[in-house]
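Please open the model in a viewer and keep the selection panel at hand. The tour below proceeds from one selection to the next.

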Amino acid sequence: MSFSVISESSIRRRDSLDDLSYSDIEGIEHDVNMKMRVEHEAANSPTTPEEPGFISGPATVLERDPIYFCEIVMLQVEDRVFSVPKSGLIEHGTHFQTLLETCKTGVGSSESNPIVLEGVSKIHFHNFLRLIYPFRGVDIPSGDEHWLGILDLATKWGFNDIRAVALTSLEHLFIPTPPHPSAYAKAIYGLHLCQKYNIHEHLQAQYEILVTSIAPLNRNALLAGGIDEETIVAVMEMREKWLCGMLWGQALTPGVGIDVGDDDVGGGLSLPLRLSAKKIVGDYFRTRMGSSALTVEEVDAEVAVRELEEKWVNEIVEHLKKVKEEKMARAKEEKRRKEEERKRKEEEKALEGKARKARIAELQEEEDQERERREREEEEERRRLYEEEEEMKKRLEEEEAAIVAAGIEAARIADKAETQRVARELLLKRRRTATHRKVGTRTCSGGA
């Protein structure tokens, strides 16, 4: 396992710009081993009288490998403890070397007494250590947030190799693009990062993007993006110069050197030169006062850059026109679609109205038919009840007539029976009377 970030040639000392060779490393480690051997022998030398009969011999001292013998240091970041080889931190900068040299004895030697790093994120420090100690099977960090945290720590602690690796991974944040509305916010963020972390190699490109921005520059947006007031004023001035040159400036003539000074257009002295944003920003970085003379070669290069810049601007203008036309076409299509949708809904509503009316008429017809059916059934029921009632009346009349006839017959039979009974009674009565008369006659005859 190697504790270098890229290779052995990337190991640098903060107090010297020369690369450390293997002979230098072996010399340093030899001095350290000799010092540690002396300390070890002193620590193991007897301080009390030897026991009788004990014969002491020379102590065996093991040799420490000049590279693969690591002293461990304990570091605490937030609520996490890290245990790493001390050499990996010392070799890459003086911050931890000074920190470790000034620590009290015992600090950083155990998990219960670590060196505390204040104001550091444990996630960012973890990713930072992944570059210093690239263990096998552990991937390097990914994502802009992680690399920005590594860039912050590497810049603050002076780890130039780690900083270079982080900038390479974040290079897409600073790549200049042709003028485009979306490049505005990206350039503000890129300029903020360049100023915060002293990234000089990408600084000028961010100025150029802001100067040639199609979107209007907004001071509040720049301030919110972390850009200071002085930089905002400078960007506004360079943008004004670039825009005036694009609108009213005179073009440079290839093959002719021109002295670029402060043109007084209002005074009628001369028209401003049509300079590219690259030239304007370059002059700003070279000097903020006076004028600079353009040589023939610089004029030729400037003409080429300006033509490319004008081409970019024309392309983005054409792109914006096309976007506007497409937007208008989409709006027109959307309007047509909405009109068709409205007509469709009206037709559906009309059809629904017709269908509703037809349905209402159908329901009304069904209701009328049902009412007629019920009326017919009720009429039939009334007729049936009437017929039943008439039939019942007829039967009752017949029964009454039969009863009357039966009564008359019964009365006649009763009268006849009564007459017969009376006749029988009269007959019996006559017979009894006749009998009495006969008896009386006999009686009278016997007495006589």
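The stops that follow move from the nonpolar core to its aromatic rings, then to a helix residue, loops and cysteines.

This is a predicted model, in which local features need pLDDT of at least 70 and side-chain atom pairs count only at pLDDT 80 or more, while totals for chains, interfaces and linings use all residues. Residues are numbered from 1 along each chain as its sequence is written, and side-chain values use heavy atoms, with hydrogens and water left out.

**The core**

Begin by selecting Leu 75, Leu 89, Phe 125, Phe 128, Trp 157 and Leu 210, which touch the most other members of the largest nonpolar core, a set of 59 residues. A nonpolar core is here a set of buried Ala, Val, Leu, Ile, Met, Phe, Trp, Tyr and Cys residues joined through side-chain atoms within 4.5 Å. Buried means under 20% relative accessible area, exposed over 50%, and partly exposed in between (1.4 Å probe, protein chains only). Next, colour helix H7 (residues 181-197), which supplies the largest share of the largest nonpolar core, eight residues. Helices (H or I, at least four residues) and strands (E, at least two) are DSSP runs, numbered from the N terminus.

Now centre on Leu 89. Beyond its neighbours within four places in sequence, Leu 89 is in contact (heavy atoms within 4.5 Å) with Val 73, Leu 75, Val 84, Phe 96, Leu 129, Ile 132, Tyr 133 and Phe 159.

**The aromatic rings**

Rings of Phe, Tyr and Trp (its six-membered ring) pair if their centres lie within 6.5 Å; planes under 30 degrees apart count as stacked, over 60 as edge-to-face and the rest as tilted. The count by this rule is eight aromatic pairs. Select Phe 125 and Phe 128 to see a stacked pair, 6.3 Å centre to centre with 20° between the planes. These two residues are separated by about one helical turn, because they are three residues apart in helix H4 (residues 122-132). Phe 125 is buried at 0% relative accessibility, and Phe 128 is likewise buried at 0%.

Add Trp 157, which forms an edge-to-face pair with Phe 125: 5.9 Å centre to centre, 85° between the planes. This pair links distant parts of the chain, 32 residues apart, with Phe 125 in helix H4 and Trp 157 in helix H5 (residues 144-157). Trp 157 is buried, with a relative accessible area of 7%. Extend the selection to Phe 82, Phe 96 and Phe 159, which ring pairs link with Phe 125, Phe 128 and Trp 157 into a cluster.

**Two helices**

In helix H3 (residues 95-102), select Leu 100. Is Leu 100 buried or exposed? Leu 100 is buried, with a relative accessible area of 16%. Leaving aside neighbours within four places in sequence, Leu 100 is in contact with Val 73, Lys 86, Ile 90 and Ile 115. The C-alpha atoms of Leu 100 and Ile 90 are 8.5 Å apart.

Then select helix H11 (residues 277-286), where seven of ten residues are buried, among them Lys 279 and Asp 283.

**Loops and cysteines**

Glu 78, in the loop between strand S1 (72-77) and strand S2 (80-85), has a positive phi near 55° and is partly exposed at 46% relative accessibility. Asn 198, in the loop between H7 and helix H8 (203-211), also shows a positive phi, of about 55°.

Finally, select Cys 70, partly exposed at 29%, and Cys 244, partly exposed at 22%. The structure holds zero disulfides, a disulfide being a pair of cysteine sulfur atoms within 2.5 Å.
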